[in-house]
Amino acid sequence: MNLIDWDVAVNTGVRLVRPGPQVDLADARQAVAQLRELSAVAQGHVRDFTRLQPLEPAGPAVIVDRPGWIKANVDGFRVVLEPILDRLSRERAGNGTAANLTTAVGSRVTGVQLGAVLSYLAGRVLGQYELFLPPDPSGAAPTGRLTLVAPNIVHAERELDVDPHDFRLWVCLHEETHRVQFTANPWLREYVQTQMQEMLLTANVDAGELLTRLRAAGEAVADAVRGGDSNLIQAFQSPEQTEIMDRITAVMSLAEGHGDYVMDAVGPEVVPTVTEIRRRFQRRREGANPIEKVIRQLLGIELKMKQYEEGSAFVRHVVAHVGMADFNRVWESPENLPTLKEIRDPDAWIARVARPAALPDAGPAGGSAGE
């Protein structure tokens, strides 16, 4: 028996998600067609700038609405988590009928919780590279899929009052960078999946430890309401999980920061209004109302915003000091990935991986991509 009821997660998310902006049929079709076109256009720009060569052909992005994004993410969670959850469920099955009943009730509760979180996120995500997809009819596992959430992109461009074509291409540049990261470096997908599964495998706790973590979660809620930086993800982590989470945070900071760096660095050549788009987009990121900020803090979204900032600063600094070719050594192996400490101290990564001799003669780092 599963520890998460996936159908409940989908049904809850689709039921709770807010509808997208009002768009007439002709404009909706035009937006979908243009996003498909621009996702293909972005491929060449990203390849040329990053000097990374995908090892597989890439078609245009898949365009979805908010319910479609929820369903796709539940499918992704199942691919990563279900093998581990099945193992944990079998271990519990030996405890008798009462344990099975508890699992059945708990799986529905967990499904509702997952669906509620996804319904919130589904109104905010502009796009993503889906790393984990269900097997195709032949049983082969697809390598990934670039997805763009059309209603959210239209809503954001209206709210920011920016040029729709430029904004859509700007978003495509970021998301296409993620596709290139993983398709040019196939080992990276397995690395991320392994870290996530290890995180789950270390989650077993006894009743005393669970109470301790629940108290920590309560303190995290109170701290977030007061404007602190606590979140529920960190509150439920054991020391071992914290170590794994640091590795996940480091690789995601690299990936997100690289995407932010590329979308702005490529931008001036192909997105004439990129400076204004970045300025308004950054202001939107920072301008949430107090309740929204508390929710984002608790769900770890503020942590993700920090990943964008620290990751893009890392990429800018390394590229400015050693160039794109030596920066790209980061994609050669898991050993070359920056640690979380190195994300915050790029010179340490340069000294360890890139080319130490370049450091003493390096010039000043480049300007902020978020400026």
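## Salt bridges, a small sheet and two unusual loop residues

Glutamate 332 and arginine 329 bring their side chains together in a salt bridge, with N and O 3.8 Å apart. Arginine 329 is partly exposed, its relative accessible area being 29%. Please keep in mind as you read that this is a predicted model.

### The chain as a whole

Let us step back for a moment to the overall picture. The protein chain has 15 helices and three strands. Of its 371 residues, 48% count as buried. The surface that the protein chain exposes comes to about 17,800 Å², and carbon and sulfur atoms supply 55% of that area. Among the contacts with a separation of 6 or more, 79% are between residues 24 or more positions apart.

How confident is the predictor? The mean pLDDT of the protein chain is 80, with 74% of the residues reaching 70 or more. Two stretches deserve a word of caution. Residues 205-233 have pLDDT below 50, and in the model this stretch has 39 contacts beyond near neighbours in sequence. Residues 361-371 also have pLDDT below 50, and here the model shows 19 contacts beyond near neighbours in sequence.

### More on the salt bridges

The count of salt bridges comes to twelve. The table gathers three of them, including the pair that opened this report.

| Pair | Closest N to O distance |
|---|---|
| Glutamate 332 and arginine 329 | 3.8 Å |
| Glutamate 310 and arginine 344 | 3.1 Å |
| Arginine 352 and glutamate 342 | 2.7 Å |

Where in the chain do glutamate 310 and arginine 344 sit? Glutamate 310 belongs to helix α13 (residues 301-327) and arginine 344 to helix α14 (residues 340-344), so described as a link between distant parts of the chain, 34 residues apart.

Helix α14 takes part in another of these pairs. The salt bridge between arginine 352 and glutamate 342 has its closest N and O atoms 2.7 Å apart. This pair also links distant parts of the chain, with arginine 352 in helix α15 (residues 346-352) and glutamate 342 in helix α14, ten residues apart. Is each partner buried or exposed to some degree? Arginine 352 is partly exposed, at a relative accessible area of 41%, whereas glutamate 342 is buried, at 7%. Elsewhere, salt bridges with shared partners join Glu198, Glu243 and Arg247 into one network.

### The three-stranded sheet

Now for the strands. In what order do the three strands lie? They form an open sheet in the order β1-β3-β2, and the pairing is mixed. β1 and β2 (127-130) are the edge strands, each pairing on one side only. From one strand to the next, the twist averages 25°.

Take the parallel side of this mixed sheet. β1 and strand β3 (residues 145-149) run parallel and are joined by three bridges. Isoleucine 63 has leucine 148 in β3 as its bridge partner, while valine 64 stands opposite valine 149 in β3.

On the other side, β2 and β3 pair in the antiparallel sense over four bridges. Glycine 127 has leucine 148 in β3 as its bridge partner. Leucine 148 is thus a residue to look at from both sides, as the bridge partner of isoleucine 63 and of glycine 127.

How covered is β3? Four of its five residues are buried, which leaves the strand mostly covered. Helix α6 lies across β2 and β3 and runs at about 10° to β2.

### Two residues with positive phi

Two loop residues round off the tour. Arginine 51 has a positive phi of about 65°, although it is not a glycine. Arginine 51 is placed in the loop between α2 (25-50) and β1 (62-64). With a relative accessible area of 56%, arginine 51 is exposed, because the cut-off for exposed is over 50%.

Aspartate 161 is another residue other than glycine with a positive phi, in this case near 55°. Where is aspartate 161 found? Its place is in the loop between α5 (150-160) and α6 (164-184), and that α6 is the helix that lies across β2 and β3. Aspartate 161 counts as exposed, at 60% relative accessibility.

Notes. Residues numbered from 1 in each chain as written. Heavy atoms only, no water. Buried < 20%, exposed > 50% of the residue type's maximum accessible area, 1.4 Å probe, protein only. Salt bridge = Lys/Arg side-chain N within 4 Å of Asp/Glu carboxyl O. pLDDT = per-residue confidence, 0-100. Contact = heavy atoms within 4.5 Å. Pairing = 2+ DSSP bridges. Axes fitted to C-alpha atoms, helices over the stretch in contact; angles between N-to-C directions. Areas by Shrake-Rupley, 256 points an atom, 1.4 Å probe, with all protein chains shown as cover.
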